[in-house]
Amino acid sequence: MPTPDDDSTGGRIRRERRRARLSQRQLADRIPFSYSLLNQVECGARAASTELVAAVAAALRIDVSLLTGSAVTDQLPDQRADIVRPIREALDLYDLAPDVERPTRPVQTMAKAADRVCQQVRATQLRTAASALPDLIAELTHVALTSPSTEGWRALASTYRSAHDVALKLEHRDLAALALERMGWAAERASDPCLAAIRQYKRALSWQDSELGLRLVQAGHDTLDGQSSREALAVAGQLHLGASAVAARARDRAGVARHIEAARELAARTGPAQSIHWLGFGALNVRLHAMGAAITMRQYDDALHQARALRIPPSAMTSRRARFLVDRAMAEMETGLGDTSLRHLVEARAVAPEQTRYLPRTRETVRGLLHTTRRPSERLTRMAAWLGV
């Protein structure tokens, strides 16, 4: 029998039927088509005719486009494009000093502002960070081009890094890539090896090609060659965590174990280093990455065992807490613990709604719950509607 495809018309009919809390038999009773035909369409054995799709849409009181897939893919009532558009415009001005003089704050003040925006991103205050970035980028660009200094270039590189993180979390990957290019441009002028290495770490995570990803991680380590400060050790540890994620995509269990162990050793030397470039590096982050790698490699029982042994302290960054809850929910869904999975998704939404909404694993988990739940609960259907899946 064909495998159901959630992106097919049959898969969308099944999803919307479950959202309406109807069985196949109940829906068939509402349309001029047989239960047998509906069952075959949903499981992918037969194609859905235009007449059947129209009848199902009418019975469910929804627009036909939700079943055909012709609607805009993002049905969420947000304005992500409006949020990132000013950031995109600011990035385009990276090599142009303003035509007229503009009042600027001391570089030290702007550097603190850049650090504050980075902190806001880690606290999942994405809209707040996004609203502050365009003016801050413009101001720092003006200062860097007219009165260049190491501190000014470093602060500008930091704002580009935050622009990347916001764009990535809001699923604007082209803008995220552009921001990383700008970050490299500014980091080079700041002569800051740690910022340059962080850029390579983020580049590595953006590539699906594991060989290229590991080359980028190694380039980051090469940039840090000879650096022994606590800052450099924390960045090196984060590079190893990035490598563990890349290795997990390639199902390289030995590679994952090797890089997790290297990161663990560095975390023992640095101690908790959350505030260093707001990477969140430390023993807790190492354990979270080990659990995430297990999920990526589909070792769900192992991931759930790790999740149950983890205790997230109140001091942990909001982004880390929300990511942990979503990862745990996915492991629980895959091991048949649907109710517990949904409870952790609801908790993640309460902790960090913007981040939770856009994490790919949130949608994967909800789709899995819809697929495996015979009669989705009202809480699950509300979560699915919130995500637009």
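How many aromatic pairs does the count come to? A few notes on that and on one helix contact, bearing in mind that this is a predicted model.

1. The count comes to 1 aromatic pair. The partners are Trp153 and Trp185, with ring centres 5.1 Å apart and planes at 85°. Planes over 60 degrees apart count as edge-to-face, so that is the label this pair gets.

2. As for where the two rings sit, Trp153 belongs to helix H9 (residues 150-169), while Trp185 belongs to helix H10 (residues 173-190). The pair therefore ties together parts that are 32 residues apart in sequence.

3. Buried or exposed, what about Trp153? Its relative accessibility is 8%, so Trp153 counts as buried. Trp185 is buried too, with a relative accessible area of 16%. The cut-off for buried is under 20%.

4. Now to another spot: helix H18 (residues 338-351) and helix H21 (residues 378-387). Their axes come within 11 Å and cross at roughly 45°. H18 and H21 are therefore oblique to each other, and the crossing of H18 past H21 is left-handed.

5. Which residues in H18 meet H21? On the H18 side they are Leu342, Arg343, Leu345, Val346 and Arg349. Across from them, H21 puts in Arg379, Leu380, Met383 and Trp386. By residue class, the contact of H18 with H21 has 6 nonpolar residues, 3 charged ones and no polar ones.

Terms used
Residues are numbered from 1 along each chain as its sequence is written. This is a predicted model: local features need pLDDT of at least 70, side-chain atom pairs count only at pLDDT 80 or more; totals for chains, interfaces and linings use all residues. Side-chain values use heavy atoms; hydrogens and water are left out. Axes are lines fitted to C-alpha atoms, for helices over the stretch in contact, and angles run from 0 to 180 degrees between N-to-C directions. Helices (H or I, at least four residues) and strands (E, at least two) are DSSP runs, numbered from the N terminus. Angles under 35 degrees count as roughly parallel, over 145 as roughly antiparallel, 65 to 115 as roughly perpendicular and the rest as oblique. A crossing is left-handed if the near helix is turned anticlockwise from the far one by less than a right angle, and right-handed if clockwise. Contact means heavy atoms within 4.5 Å. Ala, Val, Leu, Ile, Met, Phe, Trp, Tyr, Cys and Pro count as nonpolar, Asp, Glu, Lys and Arg as charged, and the others, Gly among them, as polar. Rings of Phe, Tyr and Trp (its six-membered ring) pair if their centres lie within 6.5 Å; planes under 30 degrees apart count as stacked, over 60 as edge-to-face and the rest as tilted. Buried means under 20% relative accessible area, exposed over 50%, partly exposed in between (1.4 Å probe, protein chains only).
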